[in-house]
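Visitor: Hi, could you walk me through this structure a bit at a time?
Guide: Gladly; let us look at it together.

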2 protein chains.
Amino acid sequence: MLVVKKFGGTSVANKERIFNVARRCIEDYQKGNDVIIVLSAMGDTTDALLEKARDINPNASKRELDMLLTTGEQVSVSLMAMALHSLNVPAISLNAFQVQMHTTSRNGNARFKRIDSDRIRHELENRKIVIVTGFQGVNKYDDYTTLGRGGSDTTAVALAAALHADRCEIFTDVEGVFTADPRVVKNARKIEEITYDEMLELATSGARVLHNRSVEMAKKYGVELVVRSSMNTEEGTVVKEVVKVEKMLITGVAADKNTARVSVIGVEDRPGIAFKIFNTLAKNNINVDIILQSVGRGGTKDISFTVSEDDLDDTLRLMEENKEALTIKEIAHNENVAKISIVGAGMLSNPGVAATMFEALCNSNINISMISTSEIRITVLIDEKDADKALVAVHDGFGLED
Amino acid sequence: MLVVKKFGGTSVANKERIFNVARRCIEDYQKGNDVIIVLSAMGDTTDALLEKARDINPNASKRELDMLLTTGEQVSVSLMAMALHSLNVPAISLNAFQVQMHTTSRNGNARFKRIDSDRIRHELENRKIVIVTGFQGVNKYDDYTTLGRGGSDTTAVALAAALHADRCEIFTDVEGVFTADPRVVKNARKIEEITYDEMLELATSGARVLHNRSVEMAKKYGVELVVRSSMNTEEGTVVKEVVKVEKMLITGVAADKNTARVSVIGVEDRPGIAFKIFNTLAKNNINVDIILQSVGRGGTKDISFTVSEDDLDDTLRLMEENKEALTIKEIAHNENVAKISIVGAGMLSNPGVAATMFEALCNSNINISMISTSEIRITVLIDEKDADKALVAVHDGFGLED
């Protein structure tokens, strides 16, 4: 069996943890399995490197930032190889050039195009544990690229896909995917199995356990993903195409406080204006989430939408710059909002789900300002201060603790 | 004009120094020159990385050590590119994979085989300052290698040779090559020009300003080398094939305290024994320097030789292990010795040079225990405690201060 195991920066932050990871991987190796380890940079290395860069040049080029940051994972993988050697297990570390992990050219936010499997296969055939740098790739100019947030998860899934691994284990500081954030909802339950689609909806709704790009890729290539704790040997959560019967109506609840509402007021009520507004944002890589449009009155209307808080400044600037062309009279915004989402394939055939959710929120005196739905997700926008209360109320309302 | 400029770790140890180097290189660039910068790892980065490795595995594999250490120069070059950008000068950093600096496979002590010039030429044609990682290469297995001590000097010379640069400037913390170590001999004089051969003899005699491998390569490819200070804009010392007329008899004096004498006593006085002794050492990569052999008496003789102090333990172990085969009765050694060498092409045609040297030492009551000569060098072995005194005496004896 071929297993890809990914460990984040905290799991390799110091000598003791590096050896923990090494011993854990050796267990699998000694069962006769082939093992590939994907690592992030140690602890806060990436932040420290970014700080160094900012000190030299606050507007450092993304190309040079990637050149700088990619050293972080190279340090992790070489130290891990040394740790495995000292435990008498053959191992070799490889970076993006050595594997040849080809990505698109975009520095800081590249995507995998193709991963050569020759070198890794060769090393596995020699019964070595292969340790690969996460988060990084090489573009067609032979320049380093990085993959953006959650990049190492994506590296692990991409390697698993390229080498037809039997499973891809993502080790984190939680025991798996929960029905809600266990720090907020005390009786949240670990989910044993979840479909790719549900996981994707949860990931984009604020559950931080897996990056959605890695889930997308796992779905595309049918890679069986396992999310589990690096602290213990519990089974974790399996993410795959089809899960066991006895489906729950709702798989989980998630809150996302990193959201802001923007309202453009008094725009002309004629075709094409809304398109222009959202096209302006899309061209600037700003993802718009929930959209609410008032009924036209007196020839004008109001449009509200949510963006990630990180994109708020850019959004407000773009609206201001294009105020005239977009016929906007006034711009308002609110950062003190949160999204609460319920996700579950069960809701497809169950019309009462939205009502149950709204009832739970109503009983807790929580006001809903916007609503958005997909086939397997319902999201509402509420006051940020109510987010934790809402999470508990909805989790209880659907009886997810059982 | 194409110039290669090499700066060591102390020259890029912090933000201020990085900007100093950047501004210095921009001056050359703005004269219309093409500029390649070769950098070592910042400050004590390499030592810090080695410390990390030792903590994980005291016997870390050289392959993984190279994987770890090569991150140091990559950090330097990316930060330098950011500094140049912030001064509005186009620049790009490249590592050994991106340049394709091919070396022999030996990790930790590789030698250059071939350097591809395409990528660098391409960037220079776009009027970019190109910043290249020193000290590192890539071997035929696509693994990182490092070049050993003084490696970045060699990288600079190799790049200058591959790209037919007009000059290769090695920036150090001294103003150039001196007639003797200016910290010991107060009236030592900076040498304006020196031949490759003289520089080589000085480098192997203890003058630490240039690594001899880089001088060898400069001689082989006719690269004009300049050694100059990174602190000021003084002209420095030019190393080349033929220097101006008016040759001095002696170019410089050097002391090397990193030396130890080993004596093997009572070996059989028959052909082949000396060969066996030195062959044993050569096979273990131990360089033997001065050799003194006593006249045979009673069928046995004594052989003394010097090795670098770093090699002393290995040397003693090898002699002990092969005591019987080498017919050795007794092994003695002394670490408290130093070599004093005078170097100069002028001595070829001047038989009185050795006499002048011995006289200077004799007048200072310094005893000579061994002597070795090459065409342009005379080396004597003395007590280590006399080394500084000897340096001053010989320097004065030849009137090198003028």
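Guide: We can begin with Thr46(B), which sits in helix α2 of chain B, the helix that covers residues 45-56. Please keep in mind throughout that this is a predicted model.

Visitor: Okay, is Thr46(B) buried, exposed or partly exposed?
Guide: Thr46(B) counts as partly exposed, because its relative accessibility is 22%, and the buried class is kept for values under 20%.

Visitor: And what is Thr46(B) in contact with?
Guide: If we leave aside the neighbours within four places in sequence, Thr46(B) is in contact with Ala41(B), Leu69(B) and Glu73(B). There is also a distance to look at here, since the C-alpha atoms of Thr46(B) and Leu68(B) are separated by 9.1 Å, with the two residues 22 apart along the chain.

Visitor: Switching to Ser11(B), where does that one lie?
Guide: Ser11(B) lies in a loop of chain B, between strand β1 (2-7) and helix α1 (15-30).

Visitor: Buried or exposed, and why?
Guide: Ser11(B) is buried, because its relative accessibility is 9%, and anything under 20% falls in that class.

Visitor: So what does Ser11(B) touch in there?
Guide: Apart from neighbours within four places in sequence, Ser11(B) is in contact with Arg17(B), Ile18(B), Val21(B) and Ser230(B). With Ser230(B) there is a polar contact as well, in which the two side chains are joined at 3.3 Å.

Visitor: Now the two chains together: how much area do chain A and chain B bury between them?
Guide: They bury about 3,200 Å² between them, and 62% of that is on carbon and sulfur atoms. The contact takes 40 residues from chain A and 40 residues from chain B.

Visitor: How many salt bridges are there between chain A and chain B?
Guide: The count is four salt bridges. In a salt bridge that you can look up in the model, the side chains of Lys15(A) and Asp55(B) meet at 3.4 Å, taken from N to O.

Visitor: Which parts of chain A supply that side?
Guide: On the side of chain A that touches chain B, at least two residues each come from α1 (15-30), α2 (45-56), α3 (62-86), β3 (91-94) and α4 (96-99). The largest share comes from α3(A), which supplies 17 residues. Sorted by class, that side of chain A has 21 nonpolar, 11 polar and eight charged residues.

Visitor: Different topic: how many disulfides does the structure hold?
Guide: Over all chains, the structure holds zero disulfides. Cys168(A), for instance, is in no disulfide, and the nearest cysteine sulfur, which belongs to Cys25(A), is 12 Å away.

Visitor: Are those cysteines buried or exposed, say Cys168(A) and Cys362(A)?
Guide: Cys168(A) counts as buried because its relative accessibility is 0%, whereas Cys362(A) counts as exposed because its relative accessibility is 52%.

Visitor: Last one, which residues are buried in α12 of chain B?
Guide: In that helix, which covers residues 387-397, the buried residues are Ala387(B), Ala390(B), Leu391(B), Ala393(B), Val394(B) and His395(B).

Visitor: What do they pack against?
Guide: The buried residues of α12(B) pack against four elements of chain B, namely β13 (252-268), β16 (330-343), α11 (353-363) and β18 (377-383). If you follow the chain past α12(B), you reach Gly399(B), whose phi is positive, near 60°.

Conventions: Residues are numbered from 1 along each chain as its sequence is written. Chains are lettered from A and ligands numbered from 1 in the order in which they are written. This is a predicted model: local features need pLDDT of at least 70, side-chain atom pairs count only at pLDDT 80 or more; totals for chains, interfaces and linings use all residues. Side-chain values use heavy atoms; hydrogens and water are left out. Buried means under 20% relative accessible area, exposed over 50%, partly exposed in between (1.4 Å probe, protein chains only). Contact means heavy atoms within 4.5 Å. A disulfide is a pair of cysteine sulfur atoms within 2.5 Å. Buried area is the accessible area (1.4 Å probe) that two parts lose on being put together, summed over both. Ala, Val, Leu, Ile, Met, Phe, Trp, Tyr, Cys and Pro count as nonpolar, Asp, Glu, Lys and Arg as charged, and the others, Gly among them, as polar. A polar contact is a pair of N or O atoms within 3.5 Å; within protein, one must be able to donate a hydrogen and the other to accept it, and residues adjacent in sequence count only if both atoms are side-chain atoms.
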